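Visitor: I'd like a close look at one part of this model rather than a quick tour of everything. Pick a sheet, please, and tell me how it is put together and what surrounds it.

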Amino acid sequence: MAEKRLEIKGVSLNFGGLAVVADLDIDVNEGEIVSVIGPNGAGKTTLFNLITGIYRPDAGDIVLDGKSLVGLQPHQISQRGVSRTFQTLRLFLNMSVIENVMAAAYGNTHAGVLRSMLRTPGMRREEREIREFASQRLAFFGERLMGYRWDQPAYSLSYANRRRLEIARATATKPTLLLLDEPAAGMNPVETHEIAELIGRLRDEGGYTILVIEHDMHVVEGISDRVVALDHGVKIAEGTFDEVATNSRVIEAYLGTKAAATK
Amino acid sequence: MTDSTPHSSETPASGPAVGQDEWVARHAERRLIRGGPLAPMEERLRAVPWWVWLTLFVGVMCLLPAVTASGYVRRVGFDTVLYMMLALGLNVVVGWGGLLDLGYVAFYGLGAYSYALLDSDQFHVHLPAYVAIPVVVVIGAIAGFLLGLPSRRLHGDYLAIVTLFFLQLFQTIATNGDSIFGHNVTGGAFGIFTVKPLHAFGHNLVVQHQGVFAVSYYFVALGFFALIYVALRFVNLSRTGRAWRSLREDPLAAEAMGMPVNALKLMSFAFGAAIAALTGTIFASLSASVLPLTFYFVLLITIYTMVILGGSGSMRGVVLGALVIGPLLELLRDPNKSRIIFYVALIGGLVFAFRRSRRLGIVVAATLAFGFACRAIAGALHHSWIAGSADGGLQHVVSYWLIIPKHLAGWIPPVSYVGVICVALVLTLVHGRLRLVLLPPTLYLAAFVWDNVMLTQPDPARYIVLGLILIALMIIRPNGLLGERRVEIV
């Protein structure tokens with residue numbers, strides 16, 4: 001049994017009277033790719049927001065490498081090694097492509113304002129390292145992000161490349177656990193296929209443990225070691241893709257019950 | 001699409017098919033590099049490093065005292081340098097941090113008052129400059145930090161209101177500070193008027209030399225400006241600067257990417273406040289007095305105009321903004337120069353609006369004809385209607401066209417003023433030929449109001465000009481003169 005990286009233990013979150021996530025248990029093992037699926041409003045993105053500290057759970061515990069993340073600020077959780085992308089792209093659009101990635105190195109670097117103002121040798125060395133590191137992160141995407149000049153503003157990127165840049169930025173915080181929120185949303189079949197491949201490479205070459213929300217079942221089938229299905233904030237199925245895809249509760253959640261369908 | 005044809009012809013038709021990404025990349029790159037005969041020159045100018053530009057700029061600014069011996073002009077130059085420093089400081093908070101700080105000038109005032117207390121007869125404290133200036137800068141930074149503490153969870157309009165309250169609070173304390181628990185601290189509404197000039201090692205930096213503004217302060221201010229510019233540029237290109245800009249772009253994403261957003265906001269506030277306080281020191285030491293009302297809305301609006309005009313977020317931009325607005329506000333004090341500016345702006349605006357179309361000629365000709373006709377009618381009614389021109393120069397020329405009454409009846413200013421606003425509003429509602437017909441009378445009425453009403457009251461007129469500049473800017477270049485193209489985050 002592989003080492004557990006992330007443990008979500010009995011987590012609940014209510015918005016007013018609405019239980020968005022209810023008593024959820026998910027484990028993610030080291031080096032695993034786990035997909036979270038479920039209809040819209042099932043609580044998938046909320047789960048990500050809980051893990052990254054944007055929301056605080058009403059009950060339960062979220063544990064990363066044996067230490068609880070509950071109560072930490074999002075940036076502290078990022079420094080613990082959790083990074084994410086957003087379903088609705090949240091790039092720093094008016095900054096250059098490479099600066100987007102460089103900015104995310106904030107947590108791993110140290111030069112203070114005073115040293116920056118004086119541009120001390122140590123600060124300049126660190127700055128070179130950040131740039132080098134950011135170029136490596138971008139180079140991971142091969143030719144796709146190579147076509148651009150990296151000093152162009154991020155808004156000049158096409159939609160698919162914005163998604164890629166977001167992943168590059170997420171990896172620049174030096175995470176161990178990567179949360180990808182619908183990485184293939186809005187992409188054409190070729191690009192979707194590429195993203196699926198990329199996620200595999202992120203695990204194999206980058207060594208990240210990956211939790212991914214995805215609607216495209218081909219992607220989910222291709223990449224997942226395990227699939228977790230949510231509906232109304234409750235885990236309704238867990239297992240390999242085939243197990244989950246044939247699970248009657250999952251089919252019910254996506255397609256409705258037979259009674260409802262025949263009505 | 002037509003203007004991209006010469007570029008696309010460069011790529012061989014037999015080459016590989018251009019994918020969408022590549023096309024976008026090439027298109028963006030083409031946009032960055034301008035074509036035409038000026039392109040090689042522009043490319044070469046781009047290659048000049050920033051510090052060469054800065055040295056050149058400061059060098060040229062240093063030449064000002066050599067060009068003119070007028071104490072007035074030198075003082076305007078000095079004020080402009082202070083404006084440039086203030087604009088740079090505000091740019092940290094607004095342009096990089098993305099925090100709408102309407103209390104900014106309070107820090108400027110705080111710096112001025114702090115220096116006044118540290119080097120005046122108020123409490124008979126006389127600290128040398130090398131002690132007083134760092135102390136004031138630290139006070140400014142701490143004040144910025146403290147204002148940031150309750151405001152760090154606010155953004156947008158909420159933050160604006162809280163900071164605006166802070167400005168009002170500063171005003172109230174400064175104005176009523178002549179009896180704080182029975183002690184006269186700030187001198188109340190009359191301020192402190194025994195502030196000593198900057199001094200160090202037994203030497204005073206004189207404020208006036210034989211009754212004329214001493215140019216040494218100009219150089220001191222320029223020196224500090226260069227220092228601030230270099231320091232801010234270095235910070236902007238460091239991890240802190242990137243984090244500030246990330247915070248402006250998307251606070252949630254910045255936080256999720258490991259940047260402590262709250263701490264960064266506080267730092268940005270403190271930075272801007274420290275720069276404002278430093279500027280306040282130089283201002284107070286030169287003016288020899290500090291008054292509460294110096295640090296109020298008018299100044300706030302002026303500095304915001306500079307930052308917005310130049311391009312919030314761009315250091316070169318905000319300096320340019322200060323360089324344009326500072327002297328412009330001074331020029332508008334003088335009716336004759338004000339008049340020249342008005343007509344230049346009017347003609348410039350018309351050319352911009354109509355380009356080189358036939359309609360431009362029609363509008364100009366119609367306006368001229370309309371003016372001559374109106375003047376002839378007015379002159380025929382009574383001679384005194386057109387006998388008002390007293391100044392020489394441009395007014396004399398204009399008076400052949402414009403009605404300039406000798407005595408302005410009491411009802412004319414308000415009626416014509418409201419009239420020009422109403423006609424301008426109607427103009428925005430109508431389209432096509434009707435607009436073209438209405439335009440000449442509107443222009444004529446505007447010229448009438450400007451010459452007869454506004455020029456007699458330069459002060460409101462100056463700020464109306466500021467407002468018009470901002471409106472024009474919003475239409476023509478919403479990102480400011482040197483601002484980068486901006487996209488709004490939805």
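**A mixed sheet and its surroundings**

Guide: Let's take the open sheet in chain A whose six strands come in the order S6-S7-S8-S3-S9-S10, with mixed pairing. At its edges sit strand S6 (82–84) and strand S10 (234–239) of chain A, each of them pairing on one side only. Ignoring direction, neighbouring strands here are turned by 20 degrees against each other on average. Bear in mind that this is a predicted model.

Go inward from the edges to strand S3 (residues 33–37) and strand S8 (residues 209–213) of chain A. These two are a parallel pair, joined over four bridges. If you want one position to check on screen, try Val34(A), whose bridge partner in S8(A) is Leu211(A).

Now add a helix. H1(A) lies across S3, S6, strand S7 (177–181), S8 and strand S9 (226–231) of chain A. Its direction makes about 150 degrees with S7(A). Anything over 145 counts as roughly antiparallel, so that is the label for H1(A) against S7(A).

Follow that helix and you meet another sheet. Helix H1 is residues 44–51 of chain A, and the second sheet is an open one of four strands, ordered S2-S1-S4-S5 (chain A), with antiparallel pairing. Strand S2 (18–29) and strand S5 (67–68) of chain A are its edges; each has a single partner strand, so one side of each has no neighbour in the sheet. H1(A) packs on this sheet by touching S1, S2 and strand S4 (59–64) of chain A, and its direction is about 70 degrees from that of S2(A). So H1(A) packs on the four-stranded sheet and also lies across strands of the six-stranded one.

Within the four-stranded sheet, look at strand S1 (residues 4–15) of chain A, which runs antiparallel to S2(A) and is joined to it by eight bridges. Glu7(A) is a handy marker, as it stands opposite Asp27(A) in S2(A).

Step back to the whole of chain A, which has 11 helices and 10 strands. Its radius of gyration is 20 Å, close to the 18 Å that the globule rule gives for 263 residues, so chain A is as compact as a globular protein of that length. The C-alpha trace spans about 70 × 40 × 40 Å along its principal axes. As for burial, 47% of the 263 residues in chain A are buried. Among contacts in chain A with a separation of 6 or more, 66% link residues 24 or more positions apart.

Chain A also has company. The contact between the chains takes 39 residues from chain A and 32 from chain B. On the chain B side, helix H2 (20–32), helix H10 (216–236), helix H11 (239–249) and helix H12 (251–256) each supply at least two residues. That side of chain B is made up of 16 nonpolar, five polar and 11 charged residues.

Chain B itself has 21 helices and six strands, and 37% of its 490 residues count as buried. For a helix pair there, try helix H6 (residues 71–96) and helix H14 (residues 297–310) of chain B: their axes are 9 Å apart, at an angle of about 70 degrees. They are therefore roughly perpendicular to each other. Residues including Tyr83(B), Leu86(B) and Leu90(B) in H6(B) meet Ile303(B), Met306(B) and Val307(B) in H14(B). By class, that contact has eight nonpolar, two polar and no charged residues.

Conventions: Residues are numbered from 1 along each chain as its sequence is written. Chains are lettered from A and ligands numbered from 1 in the order in which they are written. This is a predicted model: local features need pLDDT of at least 70, side-chain atom pairs count only at pLDDT 80 or more; totals for chains, interfaces and linings use all residues. A residue is buried if 20 or more other C-beta atoms lie within 10 Å of its own, exposed if 12 or fewer, and partly exposed in between; C-beta atoms are placed from the backbone. Two residues are in contact if their C-beta atoms, placed from the backbone, lie within 7 Å. Ala, Val, Leu, Ile, Met, Phe, Trp, Tyr, Cys and Pro count as nonpolar, Asp, Glu, Lys and Arg as charged, and the others, Gly among them, as polar. Axes are lines fitted to C-alpha atoms, for helices over the stretch in contact, and angles run from 0 to 180 degrees between N-to-C directions. Angles under 35 degrees count as roughly parallel, over 145 as roughly antiparallel, 65 to 115 as roughly perpendicular and the rest as oblique. Two strands pair if DSSP finds at least two bridges between them. The radius of gyration is taken over C-alpha atoms; the globule rule is 2.2 Å times the number of residues to the power 0.38.
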